[in-house]
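This briefing is meant to be read with the sequence and the coordinates at hand. It moves from one helix to the core, then to strand pairing and a few individual residues.

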Amino acid sequence: MNKKLKILLILVALIVIGFFSARYYAYHGGQRDVKSEEAAFTLKSKDIIAEFTTNVDAANKKYLEKPVAISGVLTSVNGKEVILDQTVNCNFATPDASIKKDQTVTIKGRVVGYDDLLGELKLDQCSITK
């Protein structure tokens, strides 16, 4: 076999291996366990929403991708999705049967974004803090 052909096949194999490794890491390896992390900020839902409403860019720099503990009243409980004070949308990995509508709770989760059109903050990997 020609030396150039061997080098080309090795390069193609390395590229394919690299592609699938990166894809696997993106889907499985980069997940954090927010439940076990310390909350970077603890505040009320109205306070964090006020920060995002006032200055989205500054609030994103401060909170985005960080674990936060937010307290408020549950206005909607729908399986894995819970809404605090009609403004904070929390997504749980599994439904939590202990939470009920109109309860005052503190939920810890990772801030993934703010929807300025709906005025809603989105959290994922949420859990109830005791």
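The points below describe a predicted model and are grouped by topic.

**Helix H2 and its surroundings**

- Helix H2, which spans residues 45-54, has Ser 45, Ile 48, Ile 49 and Phe 52 as its buried residues, and because these cover an arc of only 100° around the axis, they lie on the same side of H2.
- Residues three or four places apart in an α-helix point the same way, because such a helix has 3.6 residues a turn.
- The face of H2 that is turned away from this buried side carries the exposed residues Lys 46 and Thr 54.
- The packing partners of the buried residues of H2 are strand S1 (41-44), helix H3 (56-63), strand S2 (67-78), strand S4 (88-92), strand S5 (104-115) and strand S6 (120-128).
- With respect to helix H3, the axes of H2 and H3 come within 5 Å and cross at roughly 130°, which makes H2 oblique to H3.
- At this helix pair, Ile 48, Glu 51, Phe 52 and Thr 54 of H2 meet Val 56, Ala 59, Asn 60, Lys 62 and Tyr 63 of H3.

**The largest nonpolar core**

- The largest nonpolar core has 23 residues, of which Cys 90, Ile 107, Leu 121 and Leu 123 touch the most other members.
- Two or more residues of this core come from each of H2, H3, S2, strand S3 (81-84), S4, S5 and S6.
- Nonpolar side chains tend to be buried together in soluble globular proteins.
- When neighbours within four places in sequence are left aside, the contacts of Ile 107 include Val 68, Ala 69, Ile 70 and Leu 74, as well as Val 82, Leu 84, Cys 90 and Phe 92, and also Cys 126, Ser 127 and Ile 128.

**Strand pairing and hairpins**

- Strands S2 and S3 pair in the antiparallel sense over four bridges, with Val 77 standing opposite Val 82 in S3.
- These two strands form a hairpin with two residues between them, and Gly 79 in the turn has a positive phi of about 65°.
- Strands S3 and S4 also pair in the antiparallel sense over four bridges, and here Glu 81 stands opposite Asn 91 in S4.
- The hairpin formed by S3 and S4 has three residues between the strands, and Asp 85 in its turn has a positive phi of about 45°.

**Three residues in their strands**

- Leu 74 is placed in strand S2 and has a relative accessible area of 0%, so this residue is buried.
- Not counting residues up to four places away in sequence, Leu 74 touches Val 82, Ile 83, Leu 84, Ile 99, Lys 100, Lys 101, Asp 102, Gln 103, Val 105 and Ile 107.
- Leu 74 and Thr 53 are 21 residues apart along the chain, and their C-alpha atoms are separated by 21 Å.
- Ser 127 belongs to strand S6 and counts as buried because its relative accessibility is 9%, under the cut-off of 20%.
- Leaving aside neighbours within four places in sequence, Ser 127 is in contact with Lys 35, Phe 92, Thr 106, Ile 107 and Lys 108.
- Thr 104 is found in strand S5 and is exposed, because its relative accessible area is 63%, over the cut-off of 50%.
- Beyond its neighbours within four places in sequence, Thr 104 is in contact with Gly 72 and Val 73, while the C-alpha atoms of Thr 104 and Thr 75, 29 residues apart in sequence, are 9.6 Å apart in space.

Conventions: Residues are numbered from 1 along each chain as its sequence is written. This is a predicted model: local features need pLDDT of at least 70, side-chain atom pairs count only at pLDDT 80 or more; totals for chains, interfaces and linings use all residues. Side-chain values use heavy atoms; hydrogens and water are left out. Buried means under 20% relative accessible area, exposed over 50%, partly exposed in between (1.4 Å probe, protein chains only). The arc is that of the directions from the helix axis to the C-beta atoms. Contact means heavy atoms within 4.5 Å. A nonpolar core is a set of buried Ala, Val, Leu, Ile, Met, Phe, Trp, Tyr and Cys residues joined through side-chain atoms within 4.5 Å. Two strands pair if DSSP finds at least two bridges between them. Axes are lines fitted to C-alpha atoms, for helices over the stretch in contact, and angles run from 0 to 180 degrees between N-to-C directions. Angles under 35 degrees count as roughly parallel, over 145 as roughly antiparallel, 65 to 115 as roughly perpendicular and the rest as oblique.
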